[in-house]
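Subject: The structure I promised

Hi,

Here is the model we talked about, for you to load and turn around. My notes follow below it, so have a look first and then read on.

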Amino acid sequence: MNGVETTIHDCHIIQLRTILRDEGKLTIIQNEKFDLKRVYYIYDVPEKAERGHHAHKTLHQLIVAISGSFHIKLDDGTRVWNVTLRDPKKGLLIRPGIWRELSDFSKGAICLVMASELYNEEDYIRNYYNFLEFKNV
Ligand code: T46
């Protein structure tokens, strides 16, 4: 998938398989649209702090609010999609070439991110005007 041509319509909420029992719930993330190479999580985010404010050239990601809630604004250079994640049974699939801004973290929120590649700063576009150039907008 070419990050230059992707739009917010290539990003989706994915319902994750969940086993419900009286003893609690178990959610499985397995073969969700890309091969997984890296997992990280963001937590202890202070009130009013924002994260992201960048895009990736080639990275695919699946983001899950495994605790609490937060807001994600996705932007393809033309259109914007605002999503609030608060259900650990749902993941947000973000394709390459999408600008994202994370905000409104609730107390105790944990943002779990699964990524298709190892960390590579060269894959980031951290300036919005460079992002618009990348998208040919
Ligand atoms: C994303 C959002 C949701 C590493 O050294 N290795 C890593 O795997 C990651 C993810 C980050 N870092 C370093 C790079 C920076 O010096 O950790 C520092 C913070 O990273 P960043 O400013 O990119 O953090 P966020 O929370 O703004 O963004 C992260 C991911 O980078 C990004 O892919 O989509 O979470």
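Before anything else, a term: two strands count as paired when DSSP finds at least two bridges between them. Strand β5 (residues 51-56) and β12 pair in the antiparallel sense over two bridges, so by that rule they make a pair. Histidine 56 has tyrosine 124 in β12 as its bridge partner. One caveat before you go further: this is a predicted model.

**The overall picture**

The protein chain holds one helix and 12 strands. Going along the sequence, the order is β-β-β-β-β-β-β-β-β-β-β-β-α, so the helix comes after the strands. The radius of gyration is 15 Å, which agrees with the value near 14 Å that a compact globule of 137 residues would have. The C-alpha trace spans about 50 × 35 × 25 Å along its principal axes.

Of the 137 residues, 44% are buried. The accessible surface of the protein chain is about 8200 Å², and carbon and sulfur atoms account for 47% of that. As for charges, there are 19 positive and 19 negative side chains, with the centres of the two sets 4 Å apart. If you look at contacts between residues at least 6 apart in sequence, 80% of them join residues at least 24 apart.

**The sheet**

Five strands form an open sheet with antiparallel pairing, in the order β8-β7-β10-β5-β12. Its edge strands are β8 (80-85) and β12 (124-125), each of which pairs on one side only.

Strand β7 is a good place to zoom in. It covers residues 70-75, and five of its six residues are buried. On one side, β7 pairs with β8 in the antiparallel sense over six bridges. On the other, five bridges join β7 to β10 (residues 99-103), again running antiparallel. Leucine 74 shows both pairings: its bridge partner in β8 is tryptophan 81, while in β10 it stands opposite arginine 100.

β7 and β8 also form a hairpin, with four residues between the two strands. Glycine 77 sits in that turn and has a positive phi of about 100 degrees.

**Two backbone angles to check**

Most residues other than glycine have a negative phi. Which residues other than glycine have a positive one here? Among them are lysine 48, with phi near 75 degrees, and asparagine 136, with phi near 60 degrees.

Lysine 48 is in the loop between β4 (38-43) and β5. Its relative accessible area is 75%, so it is exposed. Asparagine 136 lies in the segment after α1 (128-134), and at 64% relative accessibility it counts as exposed too.

**Two loop residues with long-range neighbours**

Is leucine 16 buried or exposed? This residue lies in the loop between β1 (12-15) and β2 (17-21). With a relative accessible area of 3%, leucine 16 is buried, because the cut-off for buried is under 20%. Leaving aside its neighbours within four places in sequence, leucine 16 is in contact with ten residues' worth of list that I'll give in full: Thr27, Ile28, Ile29, Glu32, Leu62, Val64, Pro88, Lys89, Lys90 and Gly91. Lysine 90 is 74 residues away along the chain, yet the C-alpha atoms of leucine 16 and lysine 90 are separated by 5.5 Å.

Glutamate 117 is in the loop between β11 (110-115) and β12. At a relative accessible area of 34%, glutamate 117 is partly exposed, because that value falls between the 20% and 50% cut-offs. With neighbours within four places in sequence left aside, its contacts are Lys37, Arg38 and Leu59. The C-alpha atoms of glutamate 117 and valine 39 are separated by 9.6 Å, with their positions 78 residues apart along the chain.

Cheers

Definitions and conventions. Residues are numbered from 1 along each chain as its sequence is written. This is a predicted model: local features need pLDDT of at least 70, side-chain atom pairs count only at pLDDT 80 or more; totals for chains, interfaces and linings use all residues. Side-chain values use heavy atoms; hydrogens and water are left out. The radius of gyration is taken over C-alpha atoms; the globule rule is 2.2 Å times the number of residues to the power 0.38. Buried means under 20% relative accessible area, exposed over 50%, partly exposed in between (1.4 Å probe, protein chains only). Contact means heavy atoms within 4.5 Å. Accessible areas come from the Shrake-Rupley method with a 1.4 Å probe; for residues, only the protein chains shown count as cover. Lys and Arg count as positive and Asp and Glu as negative; His and the chain ends are not counted. The place of a charge is taken as NZ of Lys, CZ of Arg, CG of Asp or CD of Glu.
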